[in-house]
Amino acid sequence: MEFLPLFHNLRGARVLVVGGGEIALRKSRLLADSGAVLRVVAPEIGAEVRALIERSGGEQILRGYTESDLNGCVLIIAATDDEPLNAQVSADARQRGVPVNVVDAPALCSVIFPAIVDRSPLVIAVSSGGDAPVLARLIRAKLETWIPPTYGHLAGLAARFRHQVKGLFPNVQQRRAFWEDVFQGPIADRQLAGQGAEAERLLQAKIDGDAPATTGEVYLVGAGPGDPDLLTFRALRLMQQADVVLYDRLVAPAILDLCRRDADRVYVGKQRADHALPQDQINQQLVDLAKQGKRVVRLKGGDPFIFGRGGEEIEELAAHGIPFQVVPGITAASGCAAYAGIPLTHRDHAQSVRFVTGHLKNGTTDLPWKDLVSPSQTLVLYMGLIGLPVICEQLIKHGRSADTPAALIQQGTTVNQRVFTGTLANLPQLVAEHEVHAPTLVIVGEVVTLREKLAWFEGAQASV
Ligand code: SAH
């Protein structure tokens, strides 16, 4: 091991930074955050560095470096672009036996800065010993996505209960098992989901020996419109924890593949006419699985609260007192619009956007047509294929111009994306001509013309 990782308590300690520019700024920021008192030496010092010096209760010295600047400092940073000067600072510090870091010159360093994932009080440091800082940063980026931002709160929770738990289990092994259980179970889930009070209550109950028998939970997760890359970090984390996954037809296989390998996968359907499971049975199944103590992911296309009946499912859970979380997803309107190069609003074309379901009950026309015909409002129709002829006809009849640009986006955001543009007048014809199938999103409004300039994503097939 070239460098031994140690965590340095710098609170109230004086640190010398030689240099007052960009590089010095980056290091000064870290140092100030860790409570060090900054002494910065440079002929010129930037405003942001000066602000940090002040915040740290330190001092600025506006001149060139001299050896005596090291006096009283516990750590030295050389952050200039003057190589001989950096080498001089390094030599002086080593001579005195004070740790020194020279930015971007590992050979001159006795200590190096790792890439940091800060979940204080939990801090993760990654280093390549200066050989490949980019590699260390990439690992850091992976960890950043993987470890929830509030993970450090778990440490706070543990700190508040440490004494009680110690009293309960004098034996180290038992204590370790207890905390492992806490950090990997529903108590941690509550804390990470922003329900700290509930986490404390559950932890206290666990200590008191009257933890509730059921520890199941349901995660209502938006899987986005299709491209797996559009999942949220939280969606992915919960999918990887699940015991059971209940999914819809809209959830792409590539997304399903990201669920924990040994999770049970249950298809609960939802093709227009072919509901694999009626909604009340889905609701009941969620309740039953959670009562068995399972962690259930209810995976839905797009966003669970936009034409997803997510509300109905969690109402049932709430009625049974089953804990749940809702994870938003990118809804088809956002995903398809972005991947088709059609901004949903635009200062010149549309001041508002409206999401409408085209799934008309019994073929009737029960949409508020009068509210849908303003030329400055973009319309996004979900489930609009079957009713499209009626919808276009009614919009025109109620005053929206027959020339209004419109687009069909089939399987948006996926490699199979197809986009067809036309007008309100000929849209139904385009559907027939190109054999457009569900899932397809319809966008109506002037913004559709922007696609000519803004299209960037290439689906599988040529579009018009
Ligand atoms: N909750 C989902 C919508 C479910 S309703 C969401 O927020 O996106 C189902 C309708 O969404 C489909 O009929 C279709 O109109 C639209 N849709 C969903 N995913 C789509 C996709 N990848 N491409 C085009 N339309 C999509």
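This passage describes the largest pocket, a surface patch and two single residues of a predicted model. Local features need pLDDT of at least 70 and side-chain atom pairs pLDDT 80 or more, while totals for chains, interfaces and linings use all residues. Residues are numbered from 1 along each chain as its sequence is written, and side-chain values use heavy atoms, without hydrogens and water.

The largest pocket has a volume of about 1,300 Å³. Its lining comprises 42 residues, of which Arg249, Leu250, Phe307, Met383 and Pro439 are the closest to the centre. A pocket is an open set of points on a 1 Å grid over the protein atoms alone, where a 1.4 Å probe fits, with protein on both sides within 12 Å along at least five of seven lines; lining residues have an atom within 4 Å of a point. By class, the lining holds 17 nonpolar, 18 polar and seven charged residues. Helix 13 (332–340) and strand 17 (440–444) each contribute at least two lining residues. Helices (H or I, at least four residues) and strands (E, at least two) are DSSP runs, numbered from the N terminus.

A nonpolar surface patch is formed by Val134, Leu135, Leu138 and Ile139. Together they have about 370 Å² of accessible area (Shrake-Rupley method, 1.4 Å probe). Patch residues have over 30% relative accessible area and no salt bridge (Lys or Arg side-chain nitrogen within 4 Å of an Asp or Glu carboxyl oxygen), and nonpolar side chains are joined within 5 Å. Ile139 lies in helix 4 (residues 133–146).

Ile139 is partly exposed, at 40% relative accessible area. Partly exposed lies between buried (under 20%) and exposed (over 50%). Thr421, in strand 16 (residues 418–423), is partly exposed at 27%.

Conventions. Patch = residues over 30% accessible without salt bridge, like charges linked within 9 Å, V, L, I, M, F, W, Y side chains within 5 Å. Buried < 20%, exposed > 50% of the residue type's maximum accessible area, 1.4 Å probe, protein only. Points joined across faces, edges and corners; volume = space filled by probe spheres on them. Nonpolar A, V, L, I, M, F, W, Y, C, P; charged D, E, K, R; others polar.
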